Amino acid sequence: GVVHDLNPSSQRNLAVVVQHHLLMTKSTDEPPPPERSRSVMDYDSKADLKRAMTCGKRAEDSEGAASPVEDFDWITNNLDMSISCAQNLEEEMARLLTLKSYLILDAKREQKFERITALAGRIFDVPIALVSLVDLGRQWFMSNRGLGGRETPRSLAFCAHAIMSTQDLLVVPNASLDPRFMNNALVTSDPHIRFYAGAPLICPEGYKLGTLCIIDRKPRPMGLNLMEKQNLRELAAMVMDAMVGRKEELERVSQDQSRSIACAAHDLLTPLTSIELNLGLLLEDERLANMMDDHQRDLLHTVVGCSDLMGRICIQAIEAFRGNVVENNRKRKMQLSDGIALDGEPYVQSGMEEEEEGSVNVGRLIETLGVFIEPYPKSVPLTMEVDEDVPPVIISDDLKLFRSILNFLTNACSHTTQGSVHLRLYVNRPHPEKDDPGHLVFECEDTGPGIDVEMYPSLFVPFCGEENAKKQLRSPGLNQEFGSAHSEMNNSGLGLYSVASSIQSLGGEYGFRPRVDPDCTSPVTGSIFWFSIPIVLPSSAQENDTMSVESEDMSPQGFNEMDLNSTEQMLSQTSIGAKNGGNVREAAGPEGDDPDVSRSTKKRAIGECVATPSDVNPKIPATRTKCVLVIDDSLTIRKGIDKAFTRLGFEVTQAENGLEGLQMLKSKPYDAVLCDFLMPVMDGLDFVQQYRAWEAAHRSSFHQHIIGISAHATGSDAEMGLKRGMDKYIGKPIPLKTLKEISLSEEVQECSNKLDEEFQRANVDQWQSNLSTVPSIEQRSSRVCLVAENSPEVVKTLIQCAESRGWRASVVTDGEDALRLLKMRAWHGIFISDSIYPLTGASCVARFREWEGMNRVSRQNNIYLLGENHNASANCILPHGFDGVFGKPINPQLFLDLLNNIALTENSETEHIVVR
């Protein structure tokens, strides 16, 4: 009665407790469960499989028990050596690994195999036909027509003899009379095998993976005739063809999935590059740093760390798709240890590139986890504990460990609404008497609702289908709060699958168990998810070095402390913007603007510097402004690099493809050129090859420093770029620190020194003659406004007021013309009527704001709506994109006051507008 009063969830949890209690208190007279045969699928690596085959089954399972009896379950003891090959450990291990690669063991039934066994049964008139695969300690049936169960121990398998036979078929006319099989349990009891014939399944790699066999309960003294033998061989070949086709299809699907993941990761790198560069600029903004409190500063540090983590995950996904990640990294470390690429040319690593395996500071790892998990929504306390015997530094992959722990913690926080979540790190040493550091265990315990027993087999595998997703949904509380998209992601199974993949690649283990009260006095809820990795300790010198600096890239706090210090040094060495040599940049009026403005996107500063008498000095300037050319088809990348180099005192020119970049580079040399690999019209390789040929003929005295940049160029692509004429290669995302290093590199300094010398040798007379064309101070400070109005009276009043304050005005009466002029340049003031047509003022500004977000760095300010009979004292909700409203008919004095306010605001602020 008490049980029926409990809700379904409590009943299930009570059932789990009872099950565990029964397991702990079961009678010793109860027969043990059937012994499980070993499979090659149980071992993640070749070394583990070899160890298992060498030690034997009982020795492996004894865990150090005294005098274990070894059971080499893969060895067939009663072979007929007159027609059989001798078994060999290396050969059998290679055969098993090949069988594993077909990904067929323990698969669901498939019709293509069922049809073949059905056909075999009819052709040979036998009750049993099998597709049998000989595994490590078992034979497993992909199809078992006429026989119950899908596996038997290998020691009983007729097929284990068939794969060792030197003949093309193994035929046993009467098993009860054959000394190899007469005492076999499959002969003396059900299914009472008498006749057996098996044709080996020979894979393209040359190994016999199993057989297609036919079985009868009656002896057949004559065996098979020649035609029957040929039929059996043909059917076996059909089975093998089906297995090969199945493997190729699985590999194609896996490749497609990996390609999709890699493409998504690559596409994310572009916005991530911009995010990282802009975050770097924010971190260097001293005014912003002084305005932020500690909490806001921590939030910014967390964002920086998250973006860095996302970049590393993307890079890892792309390299995993390319394959042979570990081998490539080891080769790269050997080849680039002295900064030399494969062809002997310099190579620069991106700041996001990490070694596949390296030192991990455990304390820093936990500290960083705390920073990342702190903003994650949670309803219960989260505690983290590291046992005293955990080594401070281990050799492993910090990113895989971090992602795996984070998956456990976020899953636990999402599903736990009462109690707590606890993470513990401890050392497990199963053999303390041996000189073995043991395994480092990461254990996440929560007091959530637990997991249904029927879901246990589906843990750590990606879920497919709506039913599985519904089953995994354990607690709707938090998931409903975050919305359906969050719920779908949380219940996709990908988080635990990611843990399984990562930990397996590190040679570790993972698992789950429900929380159980050790005293079994009360039901408990919750789950314990865990994984462990072998402890590999670094050398003493490496450990000491790692304790001070390791994992700094991963820790938001450590990263920013290091970055801010280097920033202060950089700012002390570099003058920024117009302060560098008193260089003045200005905006031309509308009549001086080219509507196409060259798609190289030159930078213009509006109101940045008003010339003073000292600016108009008939002397050659002491220094020139350094300049960089950025060639990339991504506007986001160009904007980010533009901002960073501008902060470093460079003037930046942009080009969106190799052809534009080639034309610009021919027109003038630059201190440095950054060029993407893959672009439309002309890619980076063609660009650099054509420029080097032109440079040799027309500018041989100056070697232009060109750096290749790409998010997905392969090692061969990078080699090709260096051979074509690039000086270095850097992978995206490009951290701000890397751009600083470029600006201070010897190669860029050498280019700058040569360009400075040429600048100083410039013709003085030509320079002075150019001064005569410099606009006057009054002309420089003249402001320009755009008026879009179809009322002549309103236009006349606005122009008279603007000219009285030294403004110039461009007037249009059509919304389409207004939109075109808005895109053409930055304006000091814009006044658009609500009555223009066919494109209204509100629609015009809305379209402009949408275009502006994709094509400009800074926002166009001072856009005012000219509205009929507007009451200035009334509250007004503006249409999207406007900064204010001005009523018609125009009050001249109020309009003059508005122009004065715009001028005053402009004098105190500097806007940088980049036009595409």
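Strand β20 (residues 783-788) and β21 run parallel and are joined by six bridges. That pairing is a good place to start in this predicted model, and from there we can look at the rest of the sheet, two helices that lie across it, and a serine in a loop.

**The sheet**
- Within the β20–β21 pairing, L786 has S810 of β21 as its bridge partner.
- The two strands belong to an open sheet of five strands with parallel pairing, in the order β21-β20-β22-β23-β24.
- The edges are taken by β21 (807-812) and β24 (884-888); each has a single partner strand, so one side of each has no neighbour in the sheet.
- From one strand to the next, the twist averages 25 degrees.

**Helices across the sheet**
- Helix α29 (residues 792-804) lies across β20, β21, β23 (863-868) and β24, and its direction makes an angle of about 160 degrees with β21.
- Helix α30 (residues 815-824) lies across β20, β21 and β22 (829-833), running at about 155 degrees to β20.

**A look at S82**
- You will find S82 in the loop that sits between α4 (57-61) and α5 (89-101).
- Is S82 buried or exposed? S82 has a relative accessible area of 59%, and because exposed means over 50%, S82 counts as exposed.
- The side chain of S82 makes a polar contact with the side chain of D80, at 2.6 Å.
- S165 is 83 residues from S82 along the chain, and the C-alpha atoms of the two are separated by 9.2 Å.

Methods
Residues numbered from 1 in each chain as written. Predicted model: local features only at pLDDT ≥ 70, side-chain atom pairs only at ≥ 80, totals over all residues. Heavy atoms only, no water. Pairing = 2+ DSSP bridges. Helix = DSSP H or I, 4+ residues; strand = E, 2+ residues; numbered from the N terminus. Axes fitted to C-alpha atoms, helices over the stretch in contact; angles between N-to-C directions. Contact = heavy atoms within 4.5 Å. Buried < 20%, exposed > 50% of the residue type's maximum accessible area, 1.4 Å probe, protein only. Polar contact = N/O pair within 3.5 Å; in protein donor to acceptor, adjacent residues only side chain to side chain.
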